[in-house]
Amino acid sequence: MNQLKTFIISDSIGETGDLVAKAAISQFRQNFESTAVTRIPHVETIEQLREVTVLASEQDAIILYTLVKENMREFLRKECERLEIPAVDILGPIIGAIGEKLEETPSEEPGRVRLLDEDYFKKIEAIEFAVKYDDGRDPRGLLLADIVLIGVSRTSKTPLSQYLAHKRLKVANVPLVPEVNPPEELFHVNPDKCFGLVISPEKLNTIRKERLKALGLKDDANYAKINRIQQEIDHFYRVTDRIGCHVIDVTNRAVEETANVILGIRQNKI
């Protein structure tokens, strides 16, 4: 059985080239018998390329490379031609085609795709955090959160938590009810990370009535009465005064607007 040696040369970690090499080799070797795939990551200089091509020539290997800098790709191509090393440029043709289509110049910055992946996973982690620590389900999350939202029922705590999670921020929220003591963890949160959401009693009265109707209930329940709402808001202010946190009036604000206020305050505190 013929032996095969493959060098994967990359200015990043070489994962893309490695996957492509194995996908191609699998068409010839079901269990990668008699094959050797060597990943050579973080190649940043012409001198490093020169050393690798000499080694590849000595070992009769083929080269697959994912280099984002044009001068590095061009040098490697010429060296492989000179030493008669079979070589495949994986990224170059694609970068060229996209650049021509967009009429733009590539950044030639190694590792960009990994940064995008990290950003994506941070967002997913934040969304999962917001779900896990929504509505005061687990007060332990308050001390782990980037932002803590508190407020009476129907002040958009949950949608605001989700919106901020898409900004890669871990958000926990706690509903405030006069009959229930807030979790002790709430009073150990950094006040700069805590935001109280308040709304006018009249607006909240309307929102809660509509909520009751949507559930098929009468809209004259205590939950929607002005007196009850005022009791809840008074309790809200007692809690926020004790914490010393920011209070934001969300009466006529969309979730996006409230989020921007929070992000602005947070930015000024960093």
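A residue counts here as buried when its relative accessible area is under 20%, as exposed when that area is over 50%, and as partly exposed in between. Keep these cut-offs at hand during the tour, which goes through a predicted model.

**First stop: the loop before S5**

Select Pro139, which lies in the loop between H5 and S5. Is this residue buried, exposed or partly exposed? Pro139 has a relative accessible area of 27%, and because this value falls between the cut-offs of 20% and 50%, the residue is partly exposed. Now add Glu184 to the selection: although Pro139 and Glu184 are 45 residues apart along the chain, their C-alpha atoms are separated by 8.2 Å. If the neighbours within four places in sequence are left aside, the residues in contact with Pro139 are Pro183 and Glu185, so show these two next to the proline.

**Second stop: the sheet S2-S1-S3-S4**

Go back towards the start of the chain and select the four strands that form an open sheet in the order S2-S1-S3-S4, with parallel pairing. At the edges you will find strand S2, residues 35–40, and strand S4, residues 87–89, each of which pairs on one side only. From one strand to the next, the twist averages 15°.

For a look inside this sheet, select S1 at residues 4–10 together with S3 at residues 62–66, which pair in the parallel sense over five bridges. Which residue of S3 stands opposite Ile8? It is Leu64, so labelled in your viewer, that stands opposite Ile8.

Next, add the helices that accompany these strands. Helix H2, residues 46–58, lies across S1, S2 and S3 and runs at about 175° to S1. Helix H3, residues 70–83, packs on the sheet as well, where it touches S1, S3 and S4, and its direction makes about 170° with that of S3.

**Third stop: the largest pocket**

Switch on a surface and look for the largest pocket, in which about 630 Å³ of space lies. To centre the view, select Val68, Leu91, Ile95, Arg112 and Val113, which are the closest to the pocket's centre of the 28 residues that line it. Which elements give two or more residues to this lining? They are helix H1 at 15–25, helix H4 at 92–102 and helix H5 at 112–132, and among them H4 gives the most, with five residues. If you colour the lining by residue type, you will see that it divides into eleven nonpolar, nine polar and eight charged residues.

**Fourth stop: the sheet S6-S5-S7-S8**

Move on to another open sheet of four strands, whose order is S6-S5-S7-S8 and whose pairing is parallel. The edge strands to select here are S6, residues 171–175, and S8, residues 246–249, each pairing on one side only. On average, and with direction ignored, neighbouring strands of this sheet are turned by 25° against each other.

Within this sheet, S5 at residues 147–151 and S7 at residues 194–198 pair in the parallel sense over four bridges, and Gly151 stands opposite Leu197 in S7. Helix H6, residues 157–165, packs on the sheet and touches S5, S6 and S7, while its direction makes about 175° with that of S6. Helix H9, residues 255–269, lies across S5, S7 and S8 and runs at about 155° to S8.

Stay with S8 for a moment. S7 and S8 run parallel and are joined by four bridges, and the bridge partner of Gly196 in S8 is Val247. Show the side chains of S8, which alternate along the strand: His246 and Ile248 point to one face and are buried, whereas Val247 and Asp249 point to the other face and are not buried.

**Last stop: two arginines in loops**

Most residues other than glycine have a negative phi. With that in mind, select Arg154 in the loop between S5 and H6, where phi is near 75°, a positive value in a residue other than glycine. Then select Arg168 in the loop between H6 and S6, where phi is near 70° and likewise positive in a residue other than glycine. How exposed is Arg154, and what is its relative accessible area? Arg154 is partly exposed, with a relative accessible area of 36%, and Arg168 is partly exposed with a value of 36%.

Definitions and conventions: Residues are numbered from 1 along each chain as its sequence is written. This is a predicted model: local features need pLDDT of at least 70, side-chain atom pairs count only at pLDDT 80 or more; totals for chains, interfaces and linings use all residues. Side-chain values use heavy atoms; hydrogens and water are left out. Two strands pair if DSSP finds at least two bridges between them. Axes are lines fitted to C-alpha atoms, for helices over the stretch in contact, and angles run from 0 to 180 degrees between N-to-C directions. Contact means heavy atoms within 4.5 Å. On a 1 Å grid over the protein atoms alone, a cavity is a set of points where a 1.4 Å probe fits but cannot get out, and a pocket is an open set with protein on both sides within 12 Å along at least five of seven lines; lining residues have an atom within 4 Å of a point. Grid points are joined across faces, edges and corners, and a volume is the space filled by probe spheres set on the points. Ala, Val, Leu, Ile, Met, Phe, Trp, Tyr, Cys and Pro count as nonpolar, Asp, Glu, Lys and Arg as charged, and the others, Gly among them, as polar. Buried means under 20% relative accessible area, exposed over 50%, partly exposed in between (1.4 Å probe, protein chains only).
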